[in-house]
Amino acid sequence: MQSPLPVRDGVNATRLRLPDEGPWETALDYMMHRWGHIDPQGIEDRFDAGEIVGEAGTALDRSTPMQDHTFIWYYRTLPPETRIPVELNILHQDDHLLVVDKPHFLPTTPGGTYIQESALVRLRNQLGLPDLIPMHRLDRMTAGILLLSTNPETRGKYQVLFEKRQVQKEYECVSAAEPAPGHPAVDFPVVVRNRMTKSRSYLLAEVVAGEPNAETRIERLRTFDPAGQLHSAPDSAPDGGPQRRALYRLEPHSGKTHQLRVHMASLGLGIVNDAFYPELLDKAPDNYTKPLQLLARGIRFVDPITGSPVEYRSRLELSEAR
């Protein structure tokens with residue numbers, strides 16, 4: 001359902017469904033029930049200013065009966081945000097697509113405590129493109145290639161590619177060169193298949209019994225010590241020495257939440273600086289010197305407008321792989 005309110009400051013208006021029944025006579029009564037303990041005067045002021053609207057953009061006032069509308073839209077009061085000290089780099093822009101390199105720590109879309117400090121809102125404001133919409137998402141801690149649609153009229157053609165899995169994605173990550181104790185040796189390349197699930201109430205994705213719904217091909221590209229010196233073979237580090245690491249190529253054939261992180265951890269090869277897998281660490285402030293060593297390196301598909309194959313590659317490098 002399209003919002004009757006335009007994007008403001010890079011952020012969409014919030015949609016609220018009014019309940020079919022209840023003790024509230026007016027839409028104002030219901031909003032006071034939901035949020036009056038936070039900003040009652042602000043809610044009343046928005047009704048008086050005509051900033052809360054129903055279907056077709058009809059402005060509501062303090063006396064509008066609740067049953068007059070099923071949905072209403074309004075602009076949230078945005079709290080001040082500390083700027084995340086990272087920058088987006090534009091790699092390609094045309095009449096249909098915008099391709100950027102998203103840095104670590106910046107979320108793709110607004111959510112939680114990150115509204116203005118999201119890739120989508122930053123780009124909408126920077127480029128004056130209120131209709132900009134991401135075609136896929138990268139986790140906040142994952143960097144790399146991100147595609148966004150600039151044209152609502154052609155957006156559906158690109159969405160179909162993702163829905164039908166006609167987009168090939170390539171990632172890179174840094175992990176140990178050999179599995180952790182208790183895990184068997186791995187003969188690369190390897191394909192990991194299992195069934196993954198993640199509920200809204202649980203922070204982590206889980207591997208469960210059942211028909212596989214997640215698949216990743218994993219290839220080891222090269223091994224090196226933490227200082228960056230290359231090695232021709234993945235031999236274990238000498239006793240007492242630093243653990244040898246490796247750069248891996250990951251090719252997911254599905255798109256489950258945290259899939260790559262879970263699949264690497266399942267091999268005993270948890271990604272460097274991963275605070276979730278294989279062990280959930282205590283929440284701590286972002287350490288910008290230690291980003292998750294996971295990068296969306298490339299994406300390729302047949303462009304539905306031109307009919308030609310295209311490929312976009314990230315220019316970023318993983319700090320632990322240099």
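Over the face of which residue does Arg 15 lie? In this predicted model, Arg 15 is placed over the face of Phe 71, at 4.5 Å from the ring centre. A second arginine is arranged in this way: Arg 8 lies over the face of Tyr 75, at 3.8 Å from the ring centre.

The chain that holds these contacts has 322 residues, of which buried residues make up 44%. Its secondary structure consists of five helices and 14 strands. Taken along the principal axes, the C-alpha atoms fill a box of roughly 75 × 45 × 40 Å. Among contacts between residues at least 6 apart in sequence, 63% join residues at least 24 apart.

Helix 1 (residues 27-35) and helix 2 (residues 40-48) form a helix pair, with axes that come within 10 Å and cross at roughly 155°. Angles over 145 degrees count as roughly antiparallel, and helix 1 and helix 2 are therefore roughly antiparallel to each other. The crossing in which helix 1 passes helix 2 is right-handed. On the side of helix 1, the contact is made by Ala 27, Leu 28, Met 31, Met 32 and Trp 35. Helix 2 contributes Pro 40, Ile 43, Glu 44 and Phe 47 to this contact. An α-helix has 3.6 residues a turn, so residues three or four places apart point the same way.

Helix 3 (residues 119-127) was examined for its buried residues, which are Ala 119, Leu 120, Val 121, Arg 122, Leu 123 and Arg 124. The buried residues of this helix pack against three strands, namely strand 4 (97-102), strand 5 (133-134) and strand 6 (143-149). Gly 128 follows helix 3 and has a positive phi, near 65°.

Aromatic contacts were searched for across the whole structure, and eight aromatic pairs were found. In one of them, the rings of Tyr 158 and Phe 301 have centres 6.4 Å apart and planes at 85°, so the pair is edge-to-face. Tyr 158 belongs to helix 4 (residues 155-163) and Phe 301 to strand 13 (residues 294-302), so this pair ties together parts that are 143 residues apart in sequence. Both Tyr 158 and Phe 301 are buried. Together with Tyr 312, Tyr 158 and Phe 301 form one aromatic cluster.

Another pair is formed by Phe 188 and Tyr 248, whose ring centres are 5.5 Å apart and whose planes are at 50°, so the pair is tilted. Phe 188 is located in the loop between strand 7 (168-176) and strand 8 (190-197), while Tyr 248 is in strand 12 (residues 245-252), so the pair ties together parts that are 60 residues apart in sequence. Phe 188 and Tyr 248 are both buried. Phe 188 also takes part in a notable backbone feature, as the peptide bond from Phe 188 to Pro 189 is cis, with omega near -5°. Pro 189, like Phe 188, is in the loop between strand 7 and strand 8.

A cis peptide bond also joins Tyr 277 and Pro 278, with omega about 5°. Pro 278 is part of the loop between helix 5 (259-266) and strand 13. That loop between helix 5 and strand 13 also contains Asn 273. Although Asn 273 is a residue other than glycine, its phi is positive, near 70°. With a relative accessible area of 33%, Asn 273 is partly exposed. His 258, which is not a glycine either, has a positive phi of about 65°. His 258 is situated in the loop between strand 12 and helix 5, and counts as buried at 11% relative accessibility.

Towards the end of the description stands Glu 320, found in the segment after strand 14 (309-313). At 23% relative accessibility, Glu 320 counts as partly exposed. Apart from neighbours within four places in sequence, Glu 320 is in contact with Val 174, Phe 224, Arg 245, Val 272 and Gln 293. The C-alpha atoms of Glu 320 and Leu 292 are separated by 9.6 Å, and these two residues are 28 residues apart along the chain.

Terms used. Residues are numbered from 1 along each chain as its sequence is written. This is a predicted model: local features need pLDDT of at least 70, side-chain atom pairs count only at pLDDT 80 or more; totals for chains, interfaces and linings use all residues. Side-chain values use heavy atoms; hydrogens and water are left out. Rings of Phe, Tyr and Trp (its six-membered ring) pair if their centres lie within 6.5 Å; planes under 30 degrees apart count as stacked, over 60 as edge-to-face and the rest as tilted. Helices (H or I, at least four residues) and strands (E, at least two) are DSSP runs, numbered from the N terminus. Buried means under 20% relative accessible area, exposed over 50%, partly exposed in between (1.4 Å probe, protein chains only). A charge sits over a ring if NZ of Lys or CZ of Arg is within 6 Å of the ring centre and within 35 degrees of the ring normal. Axes are lines fitted to C-alpha atoms, for helices over the stretch in contact, and angles run from 0 to 180 degrees between N-to-C directions. Angles under 35 degrees count as roughly parallel, over 145 as roughly antiparallel, 65 to 115 as roughly perpendicular and the rest as oblique. A crossing is left-handed if the near helix is turned anticlockwise from the far one by less than a right angle, and right-handed if clockwise. Contact means heavy atoms within 4.5 Å.
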